[in-house]
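Okay, thanks for coming, everyone. I'll put the sequence and the model up, and then I'll talk you through a few spots.

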Amino acid sequence: MKQKTHFLCSDCGYESPKWFGKCPSCGAWNTMSEFKIKPEVATRSVLQNTKSLNNSKPVRMNEIETENETRFESGIGELDRVLGGGAVHGSFVLVGGEPGIGKSTLLLQMCQEMCKNARVLYVSGEESLRQIRLRASRLGISSPELYVLAETDMENIISETDILQPDILIIDSIQTVYRSELQSAPGGTTQIKECAMLLMQYAKRHSVTIFIVGHVNKEGTLAGPKILEHMVDCVLYFEGEQTGPFRCLRAAKNRFGSTNEIGVFEMSDHGLLEVQNPSAAMLSGHPTGSPGNCIACVIEGTRPLLAEVQALVAKTAFGVPRRTAAGVDYNRMVLLLAILEKRAGMFLSNSDAYVNVVGGMRLDEPAVDLPMVLAIASSFRDKPLPEGVMSFGEVGLTGELRAVSCAAQRIWEGYRLGFHTCIMPEQDLGDNIPKDMNIVKVKSVAEALKMVL
Ligand code: TYD
Ligand code: MG
């Protein structure tokens with residue numbers, strides 16, 4: 001039979017019989033790559049051998065059995081919270097992150113507790129059995145119910161899984177596994193898509209919880225098609241600066257819980273440690289009395305978190321001023337520089353400006369606007385903020401300050417860590433705020449600067 005040729009967009013997974021320079025679906029250039037489909041090869045051929053648990057016929061919604069939703073707890077509080085209280089039976093979870101950030105370490109550590117009441121199969125396409133064993137012994141993991149397999153051929157993985165019948169299957173990583181019927185190389189769009197599809201069907205049919213690891217490319221998106229994110233139940237991103245000790249686990253999608261929660265970890269010699277008190281950890285060693293820094297309080301999920309925003313403003317030596325932002329949105333920072341110039345009379349157009357969040361955290365909440373403005377202004381005037389000051393608040397385009405949510409909770413967190421003054425927008429706080437906290441409510445950026453600098 002004749003082989004069919006198709007073209008597939010590596011960004012969005014769009015399929016077409018014709019080649020395009022620009023993907024008609026997502027508009028990306030040069031992403032269509034060719035792949036050949038062998039006739040009669042489909043996901044079915046592998047799955048046919050495995051018994052199916054649910055046949056698909058329409059049923060009444062009320063008649064669907066929902067046995068008490070049980071979850072596998074990992075014993076790692078920070079991970080369980082991000083998952084929404086543990087991993088749901090039969091769910092399909094993707095853990096993404098840059099190479100070397102600690103995905104394999106996290107999943108291996110997760111096995112330790114999960115093995116106690118479930119059978120776990122850890123499939124690695126990247127490391128040999130010996131390497132996994134060495135890593136596990138470094139992490140202090142030794143569980144009789146943890147099985148390890150070094151394999152990259154999907155067919156073998158599925159047939160071994162069929163024999164072992166684990167409750168939890170971990171595939172490390174989706175970029176290394178392949179299906180031999182397909183001609184493209186492992187890690188390519190077609191392979192990733194087909195392998196993930198097969199695993200998804202397996203998870204649903206056999207009620208096996210599957211974790212897959214996915215590498216993130218330099219643009220920060222998952223290497224491989226976007227379609228991977230649509231297929232899975234949960235997408236967790238593991239981020240952080242490799243040079244710093246802190247790692248942050250975030251849910252980008254979660255069918256069984258909130259996507260706001262984050263988990264904070266610290267990489268140590270013995271693997272990842274949970275950070276129980278992230279605010280204190282982020283602030284450790286923060287300088288007092290030096291210009292260009294301000295303590296911000298943001299809400300991550302349900303928890304308030306204090307972080308130090310630093311800024312450096314320096315005269316541009318020549319040409320176009322340089323601006324860089326680490327841990328905050330670049331465009332937001334540029335916008336705030338413009339607001340400072342226009343609404344507070346600060347001439348920044350011929351200054352370089354650098355903003356950084358200490359500890360490698362990413363603060364995307366608008367409440368970080370005011371602390372960022374204060375840090376930049378403090379560096380520009382070369383004058384430190386008074387000691388014990390924290391702040392939060394969103395800045396509007398006219399330089400006005402806008403209210404943010406959970407203000408009282410933020411104030412309590414600052415109070416707990418020894419801050420005594422809070423610069424914030426005009427908003428109602430209720431009665432439950434610390435009595436000896438000095439609350440300074442301001443209406444505009446200009447007023448905030450007048451109060452503290
Ligand atoms: P790893 O889990 O292999 O990353 P990924 O699977 O995301 O590619 O983690 C690799 C890094 O973690 C490596 O640079 C070494 C570091 N590490 C420690 O610092 N301590 C440890 O106990 C372990 C296991 C790893
Ligand atoms: Mg790894």
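**A strand and its neighbours**

So, let's start with one pair of residues: Val95 has Val213 of β10 as its bridge partner. Just so we're clear, this is a predicted model. That bridge belongs to a bigger pairing, where strand β6, residues 92-97, runs parallel to β10 with six bridges between them. And β10 has another partner. Strand β9, residues 168-172, also pairs with β10 in the parallel sense, this time through four bridges. If you want a residue to click on there, try Ile171, whose bridge partner in β10 is Ile212.

Now, how many residues of β10 are buried? Seven of the seven, over residues 209-215, so the rest of the structure largely encloses this strand. You can go through the two faces yourselves. Thr209, Phe211, Val213 and His215 point one way, Ile210, Ile212 and Gly214 point the other way, and all of them are buried. So Val213, the partner of Val95, and Ile212, the partner of Ile171, point opposite ways from β10.

Okay, on to helices. Take α5, residues 154-164, and α6, residues 189-206: their axes come within 11 Å and cross at roughly 10°. With the cut-off for roughly parallel at under 35 degrees, α5 and α6 therefore count as roughly parallel to each other. Which residues make the contact? From α5 we have Met154, Ile158, Thr161 and Asp162, and from α6 there's Cys195, Leu198, Leu199, Tyr202 and His206. By type, that contact splits into six nonpolar residues, two polar ones and one charged.

Let me jump to another strand. Asn356 sits in β18, which covers residues 351-357. Buried, exposed or partly exposed, where does Asn356 fall? Its relative accessibility is 29%, so Asn356 counts as partly exposed. Leaving out residues up to four places away in sequence, Asn356 touches Glu308, Val309, Gln310 and Ala326. And if you compare its position with Gln409, the two are 53 residues apart in sequence, with 24 Å between their C-alpha atoms.

Last thing, zooming out. The chain is divided into domain 1 at 4-42, domain 2 at 71-276 and domain 3 at 285-452. How far apart are the centres of domain 1 and domain 3? Taken over C-alpha atoms, 46 Å separate them.

That's it from me, happy to rotate things if anyone wants another look.

Technical notes: Residues numbered from 1 in each chain as written. Chains lettered and ligands numbered in written order. Predicted model: local features only at pLDDT ≥ 70, side-chain atom pairs only at ≥ 80, totals over all residues. Heavy atoms only, no water. Axes fitted to C-alpha atoms, helices over the stretch in contact; angles between N-to-C directions. Helix = DSSP H or I, 4+ residues; strand = E, 2+ residues; numbered from the N terminus. Parallel < 35°, antiparallel > 145°, perpendicular 65-115°, else oblique. Contact = heavy atoms within 4.5 Å. Nonpolar A, V, L, I, M, F, W, Y, C, P; charged D, E, K, R; others polar. Domains from an automatic or database assignment. Buried < 20%, exposed > 50% of the residue type's maximum accessible area, 1.4 Å probe, protein only. Pairing = 2+ DSSP bridges.
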